Amino acid sequence: MKQPITGYHQDAENDWVAELLCGHFQHVRHNPPFMNRAWVTTHLGRCKMIGHQLNCKKCDSGEPRDSRE
Ligand SMILES: [Zn+2]
């Protein structure tokens, strides 16, 4: 299910995690050449991707909302 990005945080390993409207979190790693997401490395890039829709597999499998605790 496509869900828009509403915000971000970083996990314990400083990887960026997108927070989606549905309440799920999804890693948005920049790990070339496999995952080329240079936008996530800059504040401006992340701002521009607010509202961009990601495919949320957690919604498809009915997982409960993620929490930052
Ligand atoms: Zn979801």
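# Exercises around a zinc site

The zinc ion here is held by Cys22 (SG), His24 (ND1), Cys56 (SG) and Cys59 (SG), with distances of 1.9 to 2.3 Å. Donors are N, O and S atoms within 2.8 Å of the metal (3.2 Å for Na, K and Ca), and since water is not among the atoms, sites may look incomplete. Keep in mind that this is a predicted model, where local features need pLDDT of at least 70, side-chain atom pairs count only at pLDDT 80 or more, and totals for chains, interfaces and linings use all residues. Residues are numbered from 1 along each chain as its sequence is written, and side-chain values use heavy atoms, with hydrogens and water left out.

## Exercise 1: the zinc site

Work out the geometry at the zinc ion and find the donors along the chain.

Step 1. Start with the angles: the four donor atoms subtend 103 to 119° around the zinc ion. Four donors count as tetrahedral if all angles lie between 85 and 135 degrees; four count as square planar and six as octahedral if opposite donors are over 155 degrees apart and all others between 65 and 115, and anything else is irregular. So the arrangement is tetrahedral. For reference, the ideal angle for four tetrahedral donors is 109.5 degrees.

Step 2. Now go along the chain: the donors of the zinc ion have the spacing C-x1-H-x31-C-x2-C.

Step 3. Check burial, where buried means under 20% relative accessible area, exposed over 50%, and partly exposed in between (1.4 Å probe, protein chains only). Cys56 and Cys59 are both buried, and Cys22 is buried too, because its relative accessible area is 16%.

## Exercise 2: cysteines and disulfides

Find out how many disulfides the structure has, then place Cys47 on the burial scale.

Step 1. A disulfide is counted when two cysteine sulfur atoms lie within 2.5 Å. Searching the whole structure turns up zero of them.

Step 2. Cys47 has 42% relative accessibility, so call it partly exposed.

## Exercise 3: the sheet

Put the strands in order and describe how E1 pairs with E2 and E4.

Step 1. Strands (E, at least two residues) and helices (H or I, at least four) are DSSP runs numbered from the N terminus, and two strands pair if DSSP finds at least two bridges between them. Four strands make an open sheet, ordered E3-E2-E1-E4, with antiparallel pairing. At the edges sit E3 (25-27) and E4 (53-55), each pairing on one side only.

Step 2. From one strand to the next, the twist averages 55°. Axes here are lines fitted to C-alpha atoms (for helices over the stretch in contact), and angles run from 0 to 180 degrees between N-to-C directions.

Step 3. Take E1 (residues 2-10) with E4: three bridges, antiparallel, and Lys2 stands opposite Asn55 in E4. Then take E1 with E2 (residues 16-20): five bridges, again antiparallel, with Ile5 opposite Leu20 in E2.

Step 4. Look at the hairpin of E1 and E2, which has five residues between the strands. Asn14 is in the loop there and has a positive phi of about 65°, although it is not a glycine. At 54% relative accessibility, Asn14 counts as exposed.

## Exercise 4: the aromatic cluster

Classify the ring pairs that involve Tyr8.

Step 1. Rings of Phe, Tyr and Trp (its six-membered ring) pair if their centres lie within 6.5 Å; planes under 30 degrees apart count as stacked, over 60 as edge-to-face and the rest as tilted. By this rule there are two aromatic pairs.

Step 2. Tyr8 and Trp16 have ring centres 6.4 Å apart and planes at 90°, so that pair is edge-to-face. For Tyr8 and Trp39 the centres are 6.4 Å apart with planes at 55°, so that one is tilted.

Step 3. The tilted pair joins distant parts of the chain, 31 residues apart: Tyr8 is in strand E1, and Trp39 is in the loop between E3 and helix H1 (43-48).

Step 4. Put together, ring pairs link Tyr8, Trp16 and Trp39 into a cluster. Tyr8 itself is buried, at 16% relative accessibility.
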